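Me: Please take a close look at the strand pairing shown here, following it from one sheet to the next. I should also be glad of a word on the pockets and the cysteines.

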Amino acid sequence: MHIFLENEFLAVGIRPMGAELFSVKHKKNELEYIWSGDPKFWGKTSPVLFPIVGTLKEDKYTYEGKSYALSRHGFARDQKFDIAAQSADEATFTLQHSPATFANYPFHFELSLGYKLIENRLEVIYTVVNVGAGDQYFSLGAHPAFSVPLVPDTDYNDYYLLFNKVENAPRWPIAATGLIERTPTPLLENTDRLALRKDMFAKDAIVLKNLWSDTVSLKHPQHDHGLDFHFNGFPYLGIWSTKNADFICIEPWCGIADGVDHDHDLTTKEGIQTLGPGKRWSRSWKVDFY
């Protein structure tokens, strides 16, 4: 059973499977902002990435002398979440450790995703609680896919991303193995704009680190519809689409794929989050739709 939230401005749909956002409709302009999830291109719409982001070297990691396997982006996106709370304009979904998760991830955890509407804004809140006796190690990221072109009779290649600060940020290439290469390549050079082209993802996602910006907007030069995506507190940003698909993913991450030289040790993985026993960790992203 899908969950639907609504206020004066927005109507939002979420699947309990993966606690995955699948629809944001603006009630004033009647636009749908979320990608359709067409499986011919990519069947997801907004998966949660937990307890890893991206790919592990050889799809495995080590912890306390043991080796564990985890596929790309982890298991949470393929798990059914419980509905912990729901009102007209808010909902919270939860996932807990289980015998099944211990096979690949030996930590006691509670993960929750909260969705909240405030006028024309959607806020998505991630909370991790360590309910185990030792430190918990994890990464977490978002992967929402927004429709491009957003407005009928407009072209994908006319849209652009506008950062709220001028950036000098290289792209960290992803190797064929899914791992982060040693050396970045130039991308954003004294600019606040990134023009969208469908061929820019031929070698996987654009990966950016430690931007000055904390907001990126989807814009078009000939109309005023778009979105402002706020990602304060996330040190990595991924931008991705798949071949010939009509969407753009804006992906704030606390964590990143393994580097090509990583030694499999989970505790020294780049971007890994460490959470002490009984502690709570939270991040959120927000989108204004117009």
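Reply: In this predicted model, three strands make up an open sheet in the order β1-β2-β3, and their pairing is antiparallel. Its edges are formed by β1, residues 3-6, and β3, residues 20-26, each of which pairs on one side only. On average, neighbouring strands of this sheet are turned by 15 degrees against each other when direction is ignored. Between β2, which covers residues 10-15, and β3 there are six bridges, and the two strands run antiparallel. One pair can be picked out by eye: I14 has L21 of β3 as its bridge partner.

A second open sheet has nine strands, again with antiparallel pairing, and its order is β7-β8-β9-β10-β22-β18-β17-β14-β15. The strands that pair on one side only are β7, at residues 82-86, and β15, at residues 185-195; these are the edges of the sheet. From one strand to the next, the twist averages 20 degrees.

Within this order, β10 stands between β9 and β22, and it deserves a closer look. On one side, β10 (residues 121-130) is paired with β9 (residues 109-118) in the antiparallel sense, over 10 bridges. Two of the facing positions may be traced in the structure: F109 lies opposite N130 of β10, and S112 lies opposite T127 of β10. The two strands form a hairpin, with two residues between them. In that turn, E119 has a positive phi of about 55 degrees.

On the other side, β10 is joined by nine bridges to β22, residues 280-289, and these strands also run antiparallel. Here I125 faces S284 of β22. How much of β10 is buried? Eight of the 10 residues in β10 are buried, so that the strand is mostly covered, buried being taken as under 20% relative accessible area.

The pockets may be taken next. The largest pocket has a volume of about 210 Å³. It is lined by 18 residues, of which R72, H73, H143, D204 and E251 are the closest to its centre. Sorted by class, this lining holds nine nonpolar residues, five polar ones and four charged ones. The second largest pocket contains about 150 Å³ of space. Its lining numbers 13 residues, and those closest to the centre are Y63, E64, P106, F107 and D135. The classes in this second lining are five nonpolar, five polar and three charged residues.

The cysteines remain. A disulfide is a covalent bond between the sulfur atoms of two cysteines. With a cut-off of 2.5 Å between the sulfur atoms, the count of disulfides in the model is zero. For C249, the nearest cysteine sulfur belongs to C254 and is 17 Å away, and C249 is in no disulfide. C249 counts as buried because its relative accessibility is 0%, which lies under the 20% limit. C254 is likewise in no disulfide, the sulfur of C249 being its nearest at 17 Å. Its relative accessibility is 1%, and C254 therefore counts as buried.

How values were computed. Residues numbered from 1 in each chain as written. Predicted model: local features only at pLDDT ≥ 70, side-chain atom pairs only at ≥ 80, totals over all residues. Heavy atoms only, no water. Pairing = 2+ DSSP bridges. Helix = DSSP H or I, 4+ residues; strand = E, 2+ residues; numbered from the N terminus. Axes fitted to C-alpha atoms, helices over the stretch in contact; angles between N-to-C directions. 1 Å grid on protein atoms, 1.4 Å probe; cavity = no way out; pocket = protein on both sides within 12 Å on 5 of 7 lines; lining within 4 Å. Points joined across faces, edges and corners; volume = space filled by probe spheres on them. Nonpolar A, V, L, I, M, F, W, Y, C, P; charged D, E, K, R; others polar. Buried < 20%, exposed > 50% of the residue type's maximum accessible area, 1.4 Å probe, protein only.
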